[in-house]
Amino acid sequence: MDAVTVKASEYRDACTIQQYTDDQNPNTGELSYDDAAWPTEAETMCKFEQLSGRDYVLAQQSGYVANHRVELRFRPGIRPRLTRLIVKGIKLYVAHANNVGNRNVKLEVLCPSEDMVV
């Protein structure tokens, strides 16, 4: 049985977690990407990387549009489309959050950057 662990030394990038608060457009269901609609919920450290070509293709085959992976300590409330992460000044919109090993220790989040979303 593999133990899921989090090494603090791997988390070198500051990450701001924001949750969407405004109502969605009732006709289209689209979100507003105005910064006022995304207040900061928390700041933490994470491991941030751009997806390799192979991982990018695998994400697309799984139905996710993503070009970045963010790994952080588990926290509830990270929801696709309604959570945004800001790492190194890049706005990332959560497409998929994986609770690694279902142990509530580590999250692996796939995200498209703002230029892929809007």
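**Strand pairing around R69**

Strands β2 and β3 run antiparallel and are joined by four bridges. The model is predicted. Within this pair, K47 has E71 in β3 as its bridge partner. E49 is likewise bridged to a β3 residue, R69.

The β2-β3 pair belongs to an open sheet of seven strands. The strand order is β5-β4-β1-β2-β3-β7-β6, and the pairing is antiparallel. The edges are taken by β5 (90-93) and β6. Each of these has a single partner strand, so one side of each lacks a neighbour in the sheet. From one strand to the next, the twist averages 35°.

On one side of β3, the sheet continues through β2 to β1. Strand β1 spans residues 13-19, and β2 spans residues 40-50. These two strands run antiparallel and are joined by six bridges. Here C15 stands opposite T44 of β2.

On the other side of β3 lies β7. The antiparallel pairing of β3 with β7 extends over six bridges. In this pairing, R69 stands opposite L110. Strand β7 covers residues 106-111 and is mostly covered, with five of its six residues buried.

Strand β7 also pairs with β6, residues 96-99. Four bridges join these antiparallel strands. The bridge partner of H96 in this pair is again L110. The two strands form a hairpin with six residues between them. In its turn, G101 has a positive phi of about 70°.

R69 itself lies in β3, which spans residues 68-73. Its relative accessibility is 15%, so R69 counts as buried, the cut-off being under 20%. Bridges link R69 to both neighbouring strands: E49 is its partner in β2, and L110 stands opposite it in β7.

The side chain of R69 makes polar contacts with two glutamates. One is with the side chain of E49, at 2.6 Å. The other joins R69 to the side chain of E108, at 3.5 Å. E49 is therefore both a bridge partner of R69 and a side-chain polar contact of this buried arginine.

Beyond residues up to four places away in sequence, R69 touches K47, F48, E49, L51, D55, E108, V109 and L110. Among these, K47, F48 and E49 fall within β2, residues 40-50. E108, V109 and L110 fall within β7, residues 106-111. R69 thus has contacts in both strands that flank β3 in the sheet.

Terms used:
Residues numbered from 1 in each chain as written. Predicted model: local features only at pLDDT ≥ 70, side-chain atom pairs only at ≥ 80, totals over all residues. Heavy atoms only, no water. Buried < 20%, exposed > 50% of the residue type's maximum accessible area, 1.4 Å probe, protein only. Polar contact = N/O pair within 3.5 Å; in protein donor to acceptor, adjacent residues only side chain to side chain. Contact = heavy atoms within 4.5 Å. Pairing = 2+ DSSP bridges. Axes fitted to C-alpha atoms, helices over the stretch in contact; angles between N-to-C directions.
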